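Grab your viewer and work through a few exercises on the fold shown here. Each one comes with a solution that goes step by step.

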Amino acid sequence: MVKNITFNDGNSIPQLGYGVWQIEDNGAADAVGTALETGYRHIDTASIYGNEVGVGRGIATSSVPREDIFLTTKLWNSDQGFEKAISALDASLERLGTDYVDLYLIHWAKPQQGTYLESWRALIELKKQGKVRSIGVSNFPQAQLREIIADTGVTPAIHQIELHPYFSQEDMRAVHSEFGIVTEAWSPLGQGGELLKDPVIVEIAGKHGVSPAQVVLAWHLAKGIVAIPKSVTPARIAENFAAANVTLDTADIAAIDGLTRADGRIGPDPQNPEF
Ligand code: NAD
């Protein structure tokens, strides 16, 4: 059973979701349909993924009612700014074929662009208008996260960041605890690379008779982190979902905690002005 985690605004999010980055628009409807049939009730997309139309179609043609699905999309960097963000959400809703999203995130802070604060004010307004149920951020350095909270008095419900056993973001998670922000992991499986072959993960998987991907996802869930693994393979979509039923013991969790390393990041550093 996938648990729900309650946000600081009173809404809640299914802890295990389905991510659709790098799924083509014309394949997204089928992929989302498979995920919903499998039991996922949380889909994570973004305007930059170019698949909001397909995601919307997958939702509309499934047997699952829209109100039973938690849908996230994200504001792209070039759409930052107050008015631009308001219009960008309207365009996303149009493509998704829905009149609200459950969660809207600023995709990257892009500190050097200098528009993250007015973008955050736009998200606050969109929540007031009811077009988005909850608002949050993604890829924010600590300084910018603290700044938007201090300047607006509105704390993001969630912060979506790169997080997996090779890069466990303990410092950022401590900031989240300080403010009551839910942590959401992108690339929770480390993009399916070396991590799933790590001897520590493989050994724990053998001990419990589950797969390495399930061990990694069970680690996220045990730590209260929201995880959104991506796959287009139906068997893996199901395998990842079944990780909600895998229980690790304290020693397993401690061993996996020990895998984190300073250079474990796969994606760009949100503080890097070059990105
Ligand atoms: P992931 O960690 O979910 O890994 C996905 C890859 O792992 C798949 O392409 C496949 O190769 C492999 N895989 C999946 N299930 C497997 C299994 N059971 N066994 C073996 N291999 C398996 O990586 P991701 O797609 O980068 O991240 C997940 C989601 O996070 C994305 O789809 C997207 O929604 C979100 N995301 C957000 C940001 C952001 O900037 N906010 C950045 C990257 C990703």
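**Warm-up: the annotated span**

In this predicted model, residues 16–259 are 45% helix and 15% strand, and their end C-alpha atoms lie 22 Å apart. According to the unreviewed UniProt entry, that stretch carries the annotation "domain: NADP-dependent oxidoreductase".

**Exercise 1: trace the sheet**

Work out the order of the strands in the open sheet, and say which strands sit at its edges.

*Solution.* Start with the order: eight strands line up as 3-4-5-6-7-8-9-10, with parallel pairing. Next, look for strands that pair on one side only; these are strand 3 (18–19) and strand 10 (226–227), the edge strands.

**Exercise 2: check two pairings**

Find how many bridges join strand 4 to strand 5, and how many join strand 7 to strand 8. Pick out one residue pair for each.

*Solution.* Take strand 4 (residues 42–44) and strand 5 (residues 70–75) to begin with: they run parallel and are joined by three bridges. Here Asp-44 has Thr-72 of strand 5 as its bridge partner. Then move on to strands 7 and 8, which also run parallel, with two bridges between them. Val-137 is found opposite His-159 of strand 8. While you're there, check burial in strand 8 (residues 158–162): five of its five residues are buried.

**Exercise 3: find the two sides of helix 3**

Decide which residues of helix 3 are buried, and explain why they count as one side of the helix.

*Solution.*

1. Get the dimensions. Helix 3 (residues 82–96) is 15 residues long and spans 21 Å from first to last C-alpha, close to the 21 Å expected at 1.5 Å a residue.
2. List the residues under 20% relative accessible area: Ala-85, Ile-86, Ala-88, Leu-89, Ser-92, Leu-93 and Leu-96 are the buried ones.
3. Look down the axis. These residues cover an arc of only 160°, so they lie on the same side of helix 3.
4. Recall the helix rule: with 3.6 residues a turn, residues three or four places apart point the same way.
5. Flip to the face turned away from the buried side, where you'll meet the exposed Glu-83 and Glu-94.
6. Ask what does the covering: helix 2 (52–60), strand 5, strand 6, helix 4 and strand 7 are among the elements over the buried residues.
7. Step just past the helix: Gly-97 has a positive phi of about 70°.

**Exercise 4: place helix 4**

Which strands does helix 4 lie across, and what is its angle to strand 7?

*Solution.* Helix 4 (residues 116–129) lies across strand 5, strand 6 (101–106) and strand 7 (132–138). Relative to strand 7, helix 4 runs at about 160°.

How values were computed:
Residues are numbered from 1 along each chain as its sequence is written. This is a predicted model: local features need pLDDT of at least 70, side-chain atom pairs count only at pLDDT 80 or more; totals for chains, interfaces and linings use all residues. Side-chain values use heavy atoms; hydrogens and water are left out. Two strands pair if DSSP finds at least two bridges between them. Helices (H or I, at least four residues) and strands (E, at least two) are DSSP runs, numbered from the N terminus. Contact means heavy atoms within 4.5 Å. Axes are lines fitted to C-alpha atoms, for helices over the stretch in contact, and angles run from 0 to 180 degrees between N-to-C directions. The expected span of a helix is 1.5 Å times one less than its number of residues. Buried means under 20% relative accessible area, exposed over 50%, partly exposed in between (1.4 Å probe, protein chains only). The arc is that of the directions from the helix axis to the C-beta atoms. UniProt positions are given in the numbering used here, feature names are shortened, and annotations may be inferred rather than shown by experiment.
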